[in-house]
Each structure stands twice: as structure tokens, then as C-alpha cells.
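Work through three short exercises on the structure below. Each has a task and a stepwise solution.

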Protein chains: 2
Amino acid sequence: VAVISPNGALWSGVACGIKRGTDPDLGLIVLDDPSSWAGTFTRNAAAAAPVLWSKSKLGRPVRAVVVNSGNANACTGTRGSEAVEREVDAVAQHIGCAPSEVLVASTGPIGVPLPVERITSSVPAAVEGLDVSVDAFARAIMTTDTVPKIATARAGRSAVLAVGKGAAMLAPNMATMLSFIVTDASIDAETLQKILDVAVDTSFNRISVDACESTNDSVFMFATGTAGECDVDALATATEVVTKDLATQMVRDAEGGSKLIRIVVDGAPDDRTAAELGRGVASSALWRAAAYGGDPNWGRVLSALGASDRSLEMTDVSVAIGDATVYARGEPAAELESARNAMRDPEVVVRCVVGPGGGSAEVLTSDLSPRYVELNAEGTT
Amino acid sequence: VAVISPNGALWSGVACGIKRGTDPDLGLIVLDDPSSWAGTFTRNAAAAAPVLWSKSKLGRPVRAVVVNSGNANACTGTRGSEAVEREVDAVAQHIGCAPSEVLVASTGPIGVPLPVERITSSVPAAVEGLDVSVDAFARAIMTTDTVPKIATARAGRSAVLAVGKGAAMLAPNMATMLSFIVTDASIDAETLQKILDVAVDTSFNRISVDACESTNDSVFMFATGTAGECDVDALATATEVVTKDLATQMVRDAEGGSKLIRIVVDGAPDDRTAAELGRGVASSALWRAAAYGGDPNWGRVLSALGASDRSLEMTDVSVAIGDATVYARGEPAAELESARNAMRDPEVVVRCVVGPGGGSAEVLTSDLSPRYVELNAEGTT
């Protein structure tokens, strides 16, 4: 049970039978009172039906969010939209609110019709199971995640609690990644949205597992208000703490990944350019395969940087793996043995200085293993 | 031996000891007379020393190109540039021309100092071995290619012969990919460059194996002129034939790949947009892993399309795998069994109609296998 727990929200997780076996696959958060909220969603043109529904509810207070794993309800056409409506109707009826006060999220294989009756028939059990503990909820939203992902922080008297799931399809502009953040601070939706946008941009938008942007990415943040007003800066900081924490947990638990790789870029013209360069390296299948083999293949880092920003001056570029400088201002610097040792660690830091600018960013990725391919070669259709 | 062989050029391939064992790793093409030529090169900011040298010689007639495999001479700093100068000096001296009339290309691991004395000391043997047959040359430029790659076409009385190598790091704006095209047509460098640019754009720039753009990509086209003037359109067509043929051979022989996947995009606003959408699908690690498993996971095709073009209207989009329509104007179309059969073929065609436009493109890729990861996890440093 999370030690820091915001008041005004209850959580549950049950098995409704979408996943094989008896794994929990239906999560529900119910807020005691209509609460202000903020959200960021995938920009994929093939955004799933639940994303379209939830996004359209931005700006109005809500009471609940219902989440299933085991099926993304994406690319499912009009049947997908109808399924969403049946889900929100069922929840609204059982907790006593308007359907428009219920948000929806889904994660799992794309393009498979959602067996929505399994959800609607399990809503009573989910409502029955509502609890202050997030644990059952955190398990119910998992797909190929191997561990539940929870992060907490305090902002004055207010608590911030975040629950997420990641695994694969993690890329800029958010992963197949769902996150649910609850605070008991009292704050208007507009300010909350600003706080969330900044936090997402420097956390979930700075991780890449396979450069695949999902159809279902959604981050929700709810403010129940029970703890009263809160310093905005303190809440912003707490939100960044929990989103960065969750993002790191997601990469650490990435499908088939065996190590966490931090790509740190400094000296770019601005932070945005630095982040793009970092994502370039984090998206390189060749570098990530080398990382799996423990090979300090800095040439692939440089190649990825050079492909991301064609105006780089290589004589301004230096790269270090761990503490070992492997390339210094356009020249190889042969600290390879030390770099090879650094590659053996479960956490590898690659530092790239790309010029004299003040822009910097850190992008997280994992290594690319044969297991990733095997996991994603398995039939889902 | 290629049946169609342009006059005015001789080829050779010898072992100079850069690769382990006795595999040939040094190739040489010598043109009887100074010949007009055209070239397209990687746009990677970390472009290798041989690329910078060869590119700077555009516009002036040349006599030879020297190529090594087993080492990219990329990210090698000032030593790399010095190595190039020693290479061209050695070739110029042995064939009797100016160093500026000798071009250079390299392919192999990045960031490893080039043992250039192995090349310079083998230049006499390479010159000695010059022959009308391209076979030894085609083998000498191979890296992880499993077969040599040769394509030929006729343009009137003129012959067009192309030799290439591919394997991995194949992505838009050219692959770790070297190609050498010789025609005996008589044509000025400017017109030849136009012909080559168009041919490369619809062949090598339409393949993606791992979305990694190399530091060394180079395509050279030489016109020896011995066959006299040639119809420009006929030469353009013949050039497109050989570049498309080589590009297909490269994808078919992609590292770890077991099948060729053709992504055909129709109905885009223009060809460029169609090509970008095709590259989006061809670059999706998730789709390519599914293809390895024979899974007709069309959801990952849609997700990749939607991430590539955020303005797509899904109700305008249809997708077919082989002859099986799996998604029709925003709705799933469940011809999955037929699609599953199509995925078993060594060549899979994915057709995406994305709107009412007239733009179309075909992009080639291979599947992503655990073997690709293993090949690229092996130490090269």
C-alpha cells in the first residue's frame, strides 16, 4: 500500500475475463465528488475510441475512470465507439453520475473487437471492490509489465499518487502507456493541465523503447480538492517527481530489456533540440542491440546523432559512456576498456556534448534483445 | 559474369587483410579514360572521411574508385582523412592519374582506425587483378551480405551495370549501402546526376531495414562514353531498373531478415507523403517483429500510419495484406485467415489506401528477427 495517499479517491481492480486466465484486467477509480482533471493523449491519427471519448471530456469535472487491459479497443471502427458508450453507461449507473462524467482508457492488442459485455457485467464487482489501496488497480492495468508501477510525492499538505503501465510501444509523445495521477490538492483544471503538460514533456515524452507511438497513450491527473489549496510550484514539482519516477520504472521494465540506458545530451541550441538528439540515439535499433551485447559501440551513437541533426559539427561533439570518454571533439578517445565495463552495469549513462549551446535533455531507453522480438512476434490476431 | 557489361571499365577485388581471414575486402574500379560521374551520399552529419573526399570531387572527371569493406573509416577524426589521402595517392601512382581523380568508399564498423597500410600495400595486387568481370569486386565490398549483388540493364546500345552491398543500417537517405553503377553511354555529369537522383529517390531511398541512416552511404555512377550518345530517357529508365533491382536484393538479404515486405501506399496527397507513410510502417519494430512471427497484425500497420501522419482520416484508410482486406475505411474487415496465409510467403505485400489523393509509393523492408539483434549485439569495438 502506498504510504502517501490522496483523499477523495477510491480504487479497485478485478478480473472480467478479457485476458486469458484469472488475471485482473478491469480497473476503476471513483472520485468522491466531481473533480477537476487534466489529460494528455496520443497524437496518433489512429487514436483509439476510449482516447477520443476521454479527450472530448476535457474541461468538465469528472467522477470516474474505467480502464481495461488485454484489449486496446483501437482501430475497431463504430463498434469500438459503441463499446465505450456502453462502458460509461454501466459505470455511471452504478456510481450515480452522468455518463459524461466517466472517462475511459484501454490497453492491449490493437484491432480486436472489445468484448464489452465482460466489462459491463463486471462493473458491479469493480464498484464493490473500491478501496483506498491502489494495488489491485495497479495490477489490473498491466499488460506485459512484470511489476506494478506506483509513484508518490508530497506537495505541502497535499499528496500526489501516480499509477502507470508501460512495457512496449514506448516512444515520444507517449507510450502504450497509461498513467493515472491523483492529488487531493484543490486546483482549477486549467492550471492542472499546465502542470501536467510540463511534467509529461520531461518524463513520458523523454522515453523511447521502440520508437512506436501507440494508439492509446493517456495520462490522466485528477484533483479531488479535499486537502485544500496548494502551492502551485510545489504541486508542479511533485507532479514532475511522480511522472519521472513512473517513466523510469516503465523503461526499467521494458519488454525484453535488460538494462536502463540514460542518454544525456548537453550543449544543444535548446532543450527541444537536445531531446530530439537524445531520442535519435534512444531510437537506434543498432545502438540498442549493441547495448544488449554490452558493446560500447560509440560509433552507432555518433551515427544516430548525425542522422538526427544533419547540421551537427562533429568537431564540437564529445561522447562518454559511463566515465569513459570515447570520442572527444571529433577524434576517437580510446578509453574502450573502461567503457566496456560501464556497459556491463544494469544502468548505463551515455553523455553526449553536441556543441557550445545551453540546451540539455535526458532521454531513457532500454537495450534491444532477441526477447523483445520474440515477445512481439507472438500472434495477437 | 554479368551478361551485359559496359566497356571502358575494369574491376578487381582482392584480400588486403582488414577483414579477418582471407575474405576479399579491397575493391577497385578503373576507368580507361577520365569519365563523367554522378554521386549521392549520406546526409548524416557524421559522414565518414571517404564520403567527404568523394563528394568534394563531384563535377570533375575521374579515373578510379577504391573501396574497402571491414572498416567504415567513420568518426576517425584527422587520422581518417589522412588515411583517405594515402589511399588515393597509392591508387593514383599505380594507374597513372592525379589523386583528385580517385574516389573512395568504405564500409564496416564505425569508429575503428583504418589500417590504411594494408590497403596501400595491396593496391598493386588490385591493379594487377583488374578484369572485365565484376565478380571479385562484388565480393570484396560485402560486409554481412550473404550474396553478391549485381544488376544490369540496357539503354539502346549502352549497357548499365550496377554492383552494391547492403545488409543492415538500411534506411531512408540511403543505407550502409554502397553502389557502383557503370554505363558506357556518353553523357555529361549534370544530366547523369539528375538521372541518378531520380533513380536513388525511388529505389535506395525507399528501403528501410532498421531506420538507421549510415555514415557511409554512397552511390556512384560513372559514364565511360565508349558506346557513344544515348537517349536520356532510356538511360534514366535503365538506371531506375538497376537501382530498384539492387535495392530489392539488399532488402532480401537484410541482416537477420527472413522475408521481403512491400509496403504499398496509395491515395496520399503526393508521392512524397506516400513514401513517408510507407517508411513509417517499414520502420515499425513492432510490425516487423509481428511479420517475423507470421502474425497479420494490421493494427500495428495502422498505428504506424497514424503516428507518421497525424492528419490521417481513419475512415479514408483501408489496409490489405496479400489479397486479404483487413481494414476497410475505418472498420476492421475480418479476412484474417487469408491474411495469415499471406504472411507465410517469403514476400509479403501490404497495401494501404490512405485517402482520395493521387500520391503513391512502395517502400521495402524485411522482418525483424532475434537474429538481427544477435548479429548487432556482437562486439565490433
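At 17% relative accessibility, Cys97(A) counts as buried. Keep that in mind for the first exercise; the model is predicted.

**Exercise 1.** Find how many disulfides there are over all chains, and explain the result for Cys97(A) and Cys352(A).

*Solution.*
1. A disulfide needs two cysteine sulfur atoms within 2.5 Å.
2. For Cys97(A), the closest cysteine sulfur belongs to Cys16(A), 19 Å away, so the pair is too far apart for a bond.
3. For Cys352(A), the closest cysteine sulfur is in Cys75(B), at 12 Å, again too far for a bond. Cys352(A) is buried, at 0% relative accessibility.
4. The search of the whole structure gives 0 disulfides.

**Exercise 2.** Describe helix H7 of chain A: its span, its N-terminal cap and its surroundings.

*Solution.*
1. H7 covers residues 271-282, which makes 12 residues. From first C-alpha to last it reaches 16 Å, close to the 16 Å expected.
2. Asp270(A) caps the N-terminal end. One of its side-chain oxygens lies 3.3 Å from the backbone nitrogen of Arg272(A).
3. Of the 12 residues, 9 are buried, so H7(A) is largely enclosed by the rest of the structure. Among them are Thr273(A), Leu277(A) and Val281(A).
4. The buried residues pack against strands S9 and S14 and helices H8 and H9 of chain A.

**Exercise 3.** Place Gly357(A): which loop holds it, and which residues does it contact beyond its neighbours in sequence?

*Solution.*
1. Gly357(A) sits in the loop between strands S13 and S14 of chain A.
2. Its relative accessibility is 30%, so Gly357(A) counts as partly exposed.
3. Beyond neighbours within four places in sequence, Gly357(A) contacts Gly267(A) and Ala268(A).
4. Its C-alpha is 9.7 Å from that of Ala274(A), 83 residues apart along the chain. Ala274(A) is one of the buried residues of H7(A).

Notes
Residues numbered from 1 in each chain as written. Chains lettered and ligands numbered in written order. Predicted model: local features only at pLDDT ≥ 70, side-chain atom pairs only at ≥ 80, totals over all residues. Heavy atoms only, no water. Buried < 20%, exposed > 50% of the residue type's maximum accessible area, 1.4 Å probe, protein only. Helix = DSSP H or I, 4+ residues; strand = E, 2+ residues; numbered from the N terminus. Contact = heavy atoms within 4.5 Å. Expected span 1.5 Å × (residues − 1). Polar contact = N/O pair within 3.5 Å; in protein donor to acceptor, adjacent residues only side chain to side chain.
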